[in-house]
Amino acid sequence: MLTSFPLAPLLAYCSFEKTPTAAIIGFEIGAIALSLIVFAVLSRLTTRLWLRVPVMAVGVLLFEFFTAPMWHNERLGWWAYIYLDVSWILTLSWTALILMTVILVDRLLTNYPAWQRFLVYLGVLLVVVSLLEMIVVNLGIRSYAPEVLDNLTGFFVAGVPLLDMLYYTPVFTGLVIAFYKYWSFAIDDEPLIPSKQRNWWRSLFIAFAAVFLFEVMIQPMVENVNFPRWSYFFFDINVILIAAWVLMIGVSAIAIERLFMHWPLLYRFLFALGIAGSLLLPLEAWLIRNGYRVYGASATHNFTGFTIPTLSVPIEVALAIPCYLALIIAFIRYWETVLDNRL
């Protein structure tokens, strides 16, 4: 049961400009048509596309839901939105673009190790996604939250912040691709050698890197304050918090390894989300209540007023945690599998 408040904040947030221009309608038609063409071509290049497309789309949506307060997508028409200003048309475009890149690179560079192909994915998408970002910005579709602009450099390329291209884009595509590649092991029924013993130091390093990169990216949405001065090492990124997140993800990994190792992949993944989420949510509630985590205006503007009973955590924060964990855990497990199997 949720505790509810007046829905004025939600109604205000939904009142952004949705009326499209002729150019934007043309963009939407072109984006949908090109995505369908890409899927038709990919159906001839790979198997089980009917599974690959939804998996990639889920990865994109998890990222979009979690980072929704950072970007504003307007003027796409009322039909184009699935949650606040998250648009299915943009999701479809990102899905087609990223999936096409991954499949083509894998076919062309079959004999290259996974880490080299991963760098090629990121390099190609850095260029292509940046060009698409320039298009949507100059059409008046995409804009950035004030907190994001305050944290970016003053350098812009065709209206797009340079840091958005050089940092946000690789983090976005890297997390989404790792999520897709993790699940593609199951889609392709790839024979993998199970590790007899987890390399915990390596896993901790991967987890720390993943959490750190994500925390730097979402730093405009929430401030970490009132921690000891020594614990800050980059803007307000806090080593105590990162250690806590990594510890809780590690606890879920140990629980899965000890109790559910022989369960199907989907169940193990959902249990990992449940265990880590059940630890993270009360901690996040305590941090918010005691003034250690302060959400910015763009994030709070996104809050509907519904909260989790007893914890008094906004429902948006509670829902964001599994989105965050799904991307992080998939990233960690993908690279553990790659390294264990020397792919």
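Is W79 buried, exposed or partly exposed? Keep that one in mind while I set the scene. What you see is a predicted model. I'll go through the surface, then the rings, then the helices and loops, then the charges.

Back to W79. Its relative accessible area is 38%. Buried would need under 20%, and exposed over 50%, so W79 is partly exposed. It sits in the loop between strand 1, residues 71-73, and strand 2.

W79 also has company. A nonpolar surface patch takes in I25, I29, F65, W78, W79, I82, Y83 and W88. Its area is about 820 Å². Which elements each supply at least two residues of this patch? Helix 2, spanning 22-45, is one of them, and strand 2, spanning 81-83, is another.

Stay by strand 2 for a moment. After it comes a loop that leads to strand 3, residues 86-87, and L84 is in that loop. L84 is not a glycine, yet its phi is positive, near 50 degrees. Is L84 buried or exposed? Its relative accessibility is 12%, so L84 counts as buried.

R48 has a positive phi too. The value is about 55 degrees, and again the residue is not a glycine. Look for R48 in the loop between helix 2 and helix 3. Here the accessibility reads 42%, so R48 counts as partly exposed.

Now the rings. How many aromatic pairs are there? The count is 30. Let me pick out F66 and Y324. Their ring centres are 5.5 Å apart. Their planes meet at 35 degrees. Stacked would need under 30 degrees and edge-to-face over 60, so this pair is tilted. Now look at where the two residues come from. F66 belongs to helix 3, residues 49-66, and Y324 to helix 12, residues 315-341. That is 258 residues apart, so the pair links distant parts of the chain. Both partners are covered. F66 has a relative accessible area of 11%, so it is buried. Y324 has 6%, so it is buried as well. And the pair has neighbours. Ring pairs tie F63, F66, W94, F172, F214 and Y324 into a cluster.

Just past helix 3, find T67. It lies in the loop between helix 3 and strand 1. Its relative accessibility is 0%, so T67 counts as buried. From T67, measure across to T110 by eye. The two are 43 residues apart along the chain, and their C-alpha atoms are separated by 33 Å.

On to helix 5, residues 114-138. What span should its 25 residues have at 1.5 Å a residue? The expected figure is 36 Å. The end C-alpha atoms are 36 Å apart, so the two agree. There is a bend, though. Helix 5 turns by about 30 degrees at L125. Just after the helix, G140 has a positive phi of about 85 degrees.

Last topic: charges. Side chains of opposite charge can pair when their charged atoms come close. How many salt bridges does a search of the whole structure find? Eight.

Start with R142 and E133. Their closest N and O atoms are 3.3 Å apart. R142 has 11% relative accessibility, so it counts as buried. E133 has 5%, so it is buried too.

Next, R202 and D340. This salt bridge runs 2.6 Å from N to O. It links distant parts of the chain, with R202 in helix 8, residues 200-218, and D340 in helix 12. The separation is 138 residues. D340 has a relative accessible area of 32%, so it is partly exposed.

Third, E284 and R293. The closest N and O atoms are 3.2 Å apart. E284 is at 4%, so it is buried. R293 is at 6%, so it counts as buried. One more item here is a network. Salt bridges with shared partners join D106, R117 and K181.

To wrap up on helix 12: Y324 from this helix pairs with F66 of helix 3, and D340 from this helix bridges to R202 of helix 8. Back at the surface, W79 is partly exposed and belongs to the nonpolar patch. That's my tour.

Technical notes:
Residues numbered from 1 in each chain as written. Predicted model: local features only at pLDDT ≥ 70, side-chain atom pairs only at ≥ 80, totals over all residues. Heavy atoms only, no water. Patch = residues over 30% accessible without salt bridge, like charges linked within 9 Å, V, L, I, M, F, W, Y side chains within 5 Å. Areas by Shrake-Rupley, 256 points an atom, 1.4 Å probe, with all protein chains shown as cover. Salt bridge = Lys/Arg side-chain N within 4 Å of Asp/Glu carboxyl O. Helix = DSSP H or I, 4+ residues; strand = E, 2+ residues; numbered from the N terminus. Buried < 20%, exposed > 50% of the residue type's maximum accessible area, 1.4 Å probe, protein only. Phe/Tyr/Trp six-rings, centres within 6.5 Å; stacked < 30°, edge-to-face > 60°. Expected span 1.5 Å × (residues − 1). Bend = angle between axes of the 7 residues up to and from the residue.
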